[in-house]
Amino acid sequence: RNYLYREVYPREAIHSEIKKAKKILGELYDYFIEHPEDERLPRIEGAEHERVVVDFLAGMTDHFALELYQRLFFPTPWH
């Protein structure tokens with residue numbers, strides 16, 4: 001652990017990727033907070049909406065989060 005924090009994590013390339021991931025997760029969070037009716041969100045009776053969104057985001061794989069971000073925020077090409 002000490003090695004990772006000393007030798008790996010301080011790299012600029014890693015900080016750049018962390019910034020990107022935070023941006024993606026932040027925008028997904030904002031979207032789902034603003035769209036509680038979105039059918040992708042689980043329906044949990046009695047749960048606060050923010051908790052549902054946070055748990056939904058926390059359970060995503062990197063691949064799923066990137067695909068979802070692309071579907072929500074990138075234009076769809078016309079064929």
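**A guided tour of the predicted model**

Begin by colouring the protein chain by pLDDT: among its elements, helix α1 (residues 2–8) has the lowest mean value, 85, and α3 the highest, 98. This is a predicted model, and the mean pLDDT of the protein chain is 93, with 100% of its residues reaching 70 or more. Where pLDDT is low, predicted coordinates should not be read in detail.

Next, select helix α2 (residues 12–34) together with helix α3 (residues 49–58). The two helices pack at an angle of about 145°, and their axes lie 10 Å apart. Their crossing is right-handed. To view the contact itself, display the side chains of L25, L28, Y29, F32 and I33 on α2, and of H49, E50, V53, V54, F56 and L57 on α3. Sorted by class, the residues of this contact are nine nonpolar, one polar and one charged.

Now turn to the largest nonpolar core. Which residues should be selected to show this core? The selection comprises 12 residues: I24, L28, Y31, F32, L41, V53, F56, L57, M60, A65, L68 and Y69. At least two residues of the core come from each of α2, α3 and α4 (62–73), and α2 gives the most, with four. In soluble globular proteins, nonpolar side chains tend to be buried together.

Finally, centre the view on I24, one of the core residues. Leaving aside residues up to four places away in sequence, I24 touches A65, L66 and Y69. Of these neighbours, A65 and Y69 are listed in the largest nonpolar core as well.

Key. Residues are numbered from 1 along each chain as its sequence is written. This is a predicted model: local features need pLDDT of at least 70, side-chain atom pairs count only at pLDDT 80 or more; totals for chains, interfaces and linings use all residues. Side-chain values use heavy atoms; hydrogens and water are left out. Axes are lines fitted to C-alpha atoms, for helices over the stretch in contact, and angles run from 0 to 180 degrees between N-to-C directions. A crossing is left-handed if the near helix is turned anticlockwise from the far one by less than a right angle, and right-handed if clockwise. Contact means heavy atoms within 4.5 Å. Ala, Val, Leu, Ile, Met, Phe, Trp, Tyr, Cys and Pro count as nonpolar, Asp, Glu, Lys and Arg as charged, and the others, Gly among them, as polar. pLDDT is the predictor's confidence in each residue, from 0 to 100. A nonpolar core is a set of buried Ala, Val, Leu, Ile, Met, Phe, Trp, Tyr and Cys residues joined through side-chain atoms within 4.5 Å. Buried means under 20% relative accessible area, exposed over 50%, partly exposed in between (1.4 Å probe, protein chains only).
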